[in-house]
Each structure stands twice: as structure tokens, then as C-alpha cells.
Amino acid sequence: MNTTFKRTNSLKNDLVILSDGKNLDWTDNYLTSGEISVFVEGIKNKVKTFVFPKAINFAFIQILPEDGQSEAENKENARIAAADMLEKIQQYKIKSVTLISHADTNRMNEYAEGLVLANYQFLKYFSDKNKEAKKSCLEKVSIHASCISKKDFNSLDAVLEATCKARDLVNEPHSFMNAPQFSKEVEAAGKKYGFSTKVLQKKEIEKLKMGGLLAVNLGSYVPPTFNIMEWKPKNAKNSKPIVLVGKGVMFDTGGVSLKPTKNSMDFMKCDMAGAAGVLGMMIAAAKNKLPVHLVALVAATDNRPGKDAYLPGDVITTYSGITVEILNTDAEGRMTLADALHYAKQYDPELVLDFATLTGSAAVALGPEGVAYMGNADSKVKYQMEDSGFNTYERVVEFPIWREYGETIKSDIADIKNLGAPYAGMITAGMFLQHFTDYPWLHFDIAGMAYLHKKSAYRTKEGTGVAVRLIFDFLNQYFKIK
Ligand code: BES
Ligand code: ZN
Ligand code: ZN
């Protein structure tokens, strides 16, 4: 996170004031009478943002848009408003602001979230980082203590830091972020935040016969890794863990079934966004000392057409023993996830959630606005997840795992094949994964939301860090923590 984020009792700073435009008792604390009349006139004319450079401190005033169709939409509008306000703050080259609310409905959480996430930058590869950084020079965001509890602030701080870390991991090109490097990131984060980690190297992966992961890795000269993370606090509310699984294809060329669509390979460094999301969630949990026993699993490799690469027609025996006929080496994510999902069985999990940039069809169906999900977890879990989707605006929509779709991955030569019917690709992919589960499970196809080709308000271009905010909200609600 490139923003220093603080809770403060001081108002001696440039301010961003949130207002509902109705109660205006507070205005003479900050504004001159001339400014107040400009402000009142503006409100009448439906102006939403005000800049008063000469007030006691520099004051930006935000009239909160409360005209959404739902509470969730109003929250989202506050995040978007913050991203718009950031552009104004940047124009004045202001380095530090304090947020205070004088509105009846408190949107501080969402507003601060929008501001910090919009302010995210990935500058590692610029030779002159300072010059680039200055283009957007907000360095510090503080929230006045009257508007947010310590507990809420700590949650927000954890989830924002974790979301930004997930963005960093996705934004890193494959020339840096390969499977061994991802494992270094896992170990470094475990040390820094206090969760335990274990990395299995190629020899151990071979010993375990993780055939799915090894098959995808055949075309690469970089070895695969299998990453295990665990957060097990003494005060955990669950006796059986929640297991998170992330797709960790560090780069997806398609393998010998080279990606057929023009330019679609250009951004395939994002094919480990699920892995970035679950590592981000472990960071959020450990930083926030979440009272939930969590495990995260990532089978990591890239997918390339090297000389030993797996081929269409090959039959692969996965870690579970289930055999798979390969018909398209670009359907590699399900091969690696198969082994991670099978590995999850040993934990006797309460619930398994997997996150994967799995199919173009999910991306085509929902674009960057939503996540396709499916699975056999009970309806209470699904309802809670959908609610968290609206809360965080990482919205999820359920797709049906009907038997007839599943029949299209039957093979004539092996137990199943890695390619289904030419329709409902996100469903046949999900139903492929289901073969490797024996526990309550939900699968999230994040292909559309993981990576943006252009910025959208507080979601910066490239990696979005999707899944971190969603899972964090879900676990808090599901275990009634907040
Ligand atoms: N990594 C891709 C899916 C993807 C598409 C991710 C767009 C992010 C954005 C995945 O491995 C893939 O290639 N899926 C194929 C499967 C097909 C061959 C059955 C697809 O969806 O086209
Ligand atoms: Zn692929
Ligand atoms: Zn892929």
C-alpha cells in the first residue's frame, strides 16, 4: 500500500469533509461566511464536490450521493465519489488529508476505502520512481477518530493493505513473479504477518504424484511449487478450517494449444490472481488477528509450450487418482486446481472456497462487473456470500451446476476430459473441479474482475485485488465478528 493510513484526533490538516448537504451546523468551524454562502448556493444547484483553498485549512467538501437503489449502491457511490475527489486533491498536489464526516449516514469506511484504493500505484519498474510518484502525490490519509472506531479502522487498514498487496502480485510481470518467486512472497508474508507457511518443491510434488500440476509444468523450464499457508489463532470460532484455494498459473500461454484469440495472451500474468487473492486474504486475517482458522493452498506453475509440454490426447493421472484426457492444454487451471482441491480433503474442512481466473466464458458473461460462482455449499452460505458481494461490490452471481452440463466432460478413454461443450464453459470448468471435492465447496471464476484494461474509479488499471475484500467481509459476517 503506497498510502500511509492513520486514525487521528487532530484536525490540524487539510481536510476532506463528508456532508449530507442537509445539516450545516458545522460549517462555521471551517469556512468563512462568504464561503458558507457559496457552499449553500452550490448545494441548491446540486453541486457535489467543493474545494475551498482558503478555508482555515484547505477544505474539500463532499456531498455524499445517497440516491442509489440500495444501501450497497450508496456505499459503492461513496467509494466512487472518493476516487473522483482524489483527482481534485492531486491537482492541488496535496500530500496529506484528514477525513471527517458531518453527514447523518456514516460512509467513512467506504469513502476512505475508495480514496486509498484509487491512490494505489505500481511504480517498481519506472527508472525514475519519484517523478512518477509525484503525478499522484497523496501520501497520507487520516480519519478523524470521531468517525470510525478503532476496531473498524484496524479491519479496514488490514483489508486495504492486503488488497494492495494482491494488486502488486498480479501487476508483477512473469519475468519476476514465477512459481519460486511466488513461494518467496508466501514465506515473506508469513514471517511478516505471523501465519505459518510450507512450500513443497518439485521433488516432493513428484513424490506425492500431483499429476495435474506436474503435467501443466512439463512445458516450462521453471519448477512448480505447492504452497500451504495456515492461520490458526487460539480463539478461532471454527473447529474445522475454512480452506481457500487460489489458481496460481503464473503465466498462461495456453501451452501447445497456444492462445488463439488476438492479444489475449498479453495480460496472462493475471492468471495467478486467485493465488494473489488468497495470499492477500491470509495477510488480512493475520494482520487483523481474525478469530478464524484458515488454510490457503496454491499449486503454482506457468503454462508453456516447451519441448516436453503436455499434449492434446494425453491422459494424466491427477493427485486424486482420477484420470483426465487432455483436449486443450489451455484448460490448464482446472488441472492444477484438481490437485489443490484434492489436497484440501485432509483438513476435513468446514468449507472450501476456490478463486480462479478460470474461463473466458465467465469474463464474457459478466465482464469486469461480477464473479461467476457455483458449488454445493448450503444456501445460507450462498446467501451470505452474495450479501458480501453487494457489500464490497465484488458481486457474485450463481451459475447452475446441472447434471447435463457435467455429462459433457465425460471421456471415452479416461474418467473425465478437460474440455466440455462449446457452451457454458464456466459451468463445465466448475463441474470438472467438483470431481475433486468431497466437502462443502464454492468455486469463484474471477476471470472478468481480476484484471482491468482501463481504470474504473477506485479500481486501478491491471490487477484489482479481487477476492480479498469479498472473503474478508464474508468471514466477518459468517462468523458474526463485526
Ligand atoms: N486463463 C484462462 C482464462 C482467462 C480468460 C483468464 C480471460 C483471464 C481472462 C484459462 O486458462 C483458459 O485459457 N481457459 C480457456 C478454457 C477452454 C480452452 C476450455 C477459455 O476459457 O477459453
Ligand atoms: Zn489457459
Ligand atoms: Zn489459465
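Okay, let's start with spacing: along the chain, the donors of the zinc ion (ligand 2) follow the pattern D-x77-D-x1-E. Put names on those letters and you get Asp252 (OD), Asp330, which gives both its O and an OD atom, and Glu332 (OE). These protein donors sit 2.0 to 2.2 Å from the zinc ion (ligand 2). Keep in mind, everybody, that what you see on the screen is a predicted model.

So what kind of geometry does the site of the zinc ion (ligand 2) have? Well, there are 6 donor atoms, and the angles among them run from 70 to 167°, and the site comes out as irregular.

Now look next door. The zinc ion (ligand 2) has a partner, the zinc ion (ligand 3), 3.2 Å away, and Asp252 coordinates both. For that partner, the protein donors are Lys247 (NZ), Asp252 (OD), Asp271 (OD) and Glu332 (OE), at 2.0 to 2.4 Å. Its spacing pattern reads K-x4-D-x18-D-x60-E.

Here's one for the students: why do we call the arrangement around the zinc ion (ligand 3) octahedral? Because its 6 donor atoms subtend angles of 77 to 173°. For reference, the ideal angles for six octahedral donors are 90 or 180 degrees.

Okay, where do these residues live? Asp252 belongs to strand β9, residues 242-252, while Glu332 is in the loop between β12 (323-325) and α10 (333-344). Those two are 80 residues apart, and the pair links distant parts of the chain.

Are the donors buried or exposed? Let's go through some of them. Glu332 is buried at a relative accessible area of 0%. Asp252 has 3%, so it is buried. Asp330 has 18%, and since the cut-off for buried is under 20%, Asp330 counts as buried as well.

Let me spend a minute on Lys247, which is found in strand β9. With a relative accessible area of 2%, Lys247 is buried. Besides binding zinc, what does the Lys247 side chain do with Asp271? The two side chains are joined by a polar contact of 3.1 Å. Setting aside neighbours within four places in sequence, Lys247 is also in contact with a whole list of residues, including Met272, Gly274, Leu337 and Thr357. Phe355 is on that list too. Lys247 and Phe355 are 108 residues apart in sequence, yet their C-alpha atoms are 6.4 Å apart in space.

One quick stop before we change topic: Asn178, in the loop between α5 and α6 (179-193). Asn178 is buried, with a relative accessible area of 19%. Leaving out neighbours within four places, Asn178 is in contact with Val222 and Met250.

Right, on to the sheet. In which order do its strands run? Picture an open sheet of 6 strands going β1-β6-β5-β2-β4-β3, with mixed pairing. The edge strands are β1 (4-8) and β3 (49-52), and each of them pairs on one side only. On average, neighbouring strands here are turned by 20° against each other, ignoring direction.

If you're new to sheets: strands pair through backbone hydrogen bonds, either parallel or antiparallel. In our case, β1 and β6 (residues 140-144) pair in the parallel sense, over 5 bridges. If you want a spot to zoom in on, Arg7 stands opposite Ile143 in β6.

Then we have helices lying across that sheet. Helix α5, residues 150-171, lies across β1 and β6, and runs at about 180° to β1. Helix α2, residues 71-91, lies across β2 (14-19), β3, β4 (59-63) and β5 (96-101). Against β4, helix α2 runs at about 155°.

Last bit: two helices that are mostly tucked away. How many residues of helix α3 (residues 108-118) are buried? That would be 10 of the 11, so α3 is largely enclosed by the rest of the structure. Among the buried ones in α3 are Met108, Tyr111, Leu115 and Val116, and Glu110 and Glu113 are buried too.

The other one is helix α14, residues 425-434, where 9 of the 10 residues are buried, so it is also largely enclosed by the rest of the structure. The buried residues of α14 include Gly425, Met426, Ile427, Phe432 and Leu433.

And if you take home one picture, make it the two zinc ions, ligand 3 and ligand 2, 3.2 Å apart with Asp252 coordinating both.

Key
Residues numbered from 1 in each chain as written. Chains lettered and ligands numbered in written order. Heavy atoms only, no water. Donors = N, O, S within 2.8 Å, 3.2 Å for Na, K, Ca; no water. Tetrahedral: all angles 85-135°; square planar, octahedral: opposite > 155°, others 65-115°. Helix = DSSP H or I, 4+ residues; strand = E, 2+ residues; numbered from the N terminus. Buried < 20%, exposed > 50% of the residue type's maximum accessible area, 1.4 Å probe, protein only. Contact = heavy atoms within 4.5 Å. Polar contact = N/O pair within 3.5 Å; in protein donor to acceptor, adjacent residues only side chain to side chain. Pairing = 2+ DSSP bridges. Axes fitted to C-alpha atoms, helices over the stretch in contact; angles between N-to-C directions.
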